[in-house]
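Work through the exercises below with the model open. Try each task before reading its solution.

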Amino acid sequence: MKVFDSNPAELIKKTAEELKKIDIIKKPQWANFVKTSTARERPPVDPNWWYLRVASILRKIYMLDKPIGTNKLRSYYGGRKNRGHKPERFYKGSGKIIRVILQQLEKSGLIK
């Protein structure tokens, strides 16, 4: 079975469990207080959100099979922001989170 054939939610969840075993991939201390995008109102509630995001980014890199950078991933992990009475607008995701995750994946040897 390939990545393209499996259920993405299950694959990301199982990959996140395996990534917890790797010493290099750790959730930074500041990650408890940050939002994942300016479009979000609050930080993530799930304590394992870091590993889920790492698994999701790893899957995204594998699926695209071409060079991908922080800017494209910021667009993928962004969202529509509720701006009150003004129309909603798209905002990109956090670049710091994505950069740190890419650096951790590179140190662990999972990506080049």
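## Exercises on a predicted model

The model is predicted. At 47% relative accessibility, Glu18 counts as partly exposed. That residue returns in Exercise 4.

**Exercise 1. Check the length of helix H2 (residues 49–64) against the span expected at 1.5 Å a residue.**

Solution.
- Step 1. Helix H2 has 16 residues.
- Step 2. The expected span is 1.5 Å times one less than the number of residues. For H2 this should give 22 Å.
- Step 3. The end C-alpha atoms of H2 are 22 Å apart, which agrees.
- Step 4. Look just past the helix. There Asp65 takes a positive phi of about 55°.

**Exercise 2. Decide how far H2 is enclosed by the rest of the structure, and find what it packs against.**

Solution.
- Step 1. Apply the cut-off: buried means under 20% relative accessible area.
- Step 2. List the residues of H2 that pass. Among them are Trp49, Trp50, Tyr51, Val54, Ala55, Ile57, Leu58 and Ile61. The buried set also includes the charged residues Arg53, Arg59 and Lys60.
- Step 3. In total 12 of the 16 residues are buried, so H2 is largely enclosed by the rest of the structure.
- Step 4. Identify the partners. The buried residues of H2 pack against H1 (8–19), H3 (70–76) and H4 (95–108).

**Exercise 3. Describe how H1 passes H2, then account for the surroundings of Arg59.**

Solution.
- Step 1. Fit the axes. Those of H1 and H2 come within 8 Å and cross at roughly 115°.
- Step 2. Assign the hand. The crossing is right-handed.
- Step 3. Read off the contacts. From H1 come Pro8, Leu11, Ile12, Lys13, Thr15, Ala16 and Leu19. They meet Tyr51, Leu52, Val54, Ala55, Ser56, Leu58 and Arg59 in H2.
- Step 4. Focus on Arg59, which sits in H2. Arg59 is buried yet has no salt bridge. Asp5, the nearest side chain of opposite charge, is 10 Å away.
- Step 5. Leave aside neighbours within four places in sequence. Arg59 is then in contact with Val3, Pro8, Leu11 and Ile12.

**Exercise 4. Find the salt bridges and say how exposed each partner is.**

Solution.
- Step 1. Recall the principle. Side chains of opposite charge can pair when their charged atoms come close.
- Step 2. Set the cut-off: a side-chain nitrogen of Lys or Arg within 4 Å of a carboxyl oxygen of Asp or Glu. The count comes to three salt bridges.
- Step 3. Take Glu17 and Lys20, which meet at 3.6 Å, N to O. Glu17 is partly exposed at 42%. Lys20 is partly exposed at 31%.
- Step 4. Take Glu18 and Lys21, with closest N and O atoms 3.4 Å apart. Glu18 is partly exposed at 47%. Lys21 is exposed at 60%.
- Step 5. Take Arg80 and Glu88, with closest N and O atoms 3.2 Å apart. Arg80 is exposed at 54%. Glu88 is partly exposed at 44%.

**Exercise 5. Repeat the length check for H4 and name its buried residues.**

Solution.
- Step 1. H4 has 14 residues and reaches 20 Å from its first C-alpha to its last. That is close to the 20 Å expected.
- Step 2. Gly95, Ile97, Ile98, Val100, Ile101, Leu102, Gln104 and Leu105 are buried.
- Step 3. Their cover includes H2 and H3.
- Step 4. Gly109 follows H4, with a positive phi near 85°.

How values were computed: Residues numbered from 1 in each chain as written. Predicted model: local features only at pLDDT ≥ 70, side-chain atom pairs only at ≥ 80, totals over all residues. Heavy atoms only, no water. Helix = DSSP H or I, 4+ residues; strand = E, 2+ residues; numbered from the N terminus. Buried < 20%, exposed > 50% of the residue type's maximum accessible area, 1.4 Å probe, protein only. Contact = heavy atoms within 4.5 Å. Axes fitted to C-alpha atoms, helices over the stretch in contact; angles between N-to-C directions. Left-handed = near helix turned anticlockwise from the far one by under 90°.
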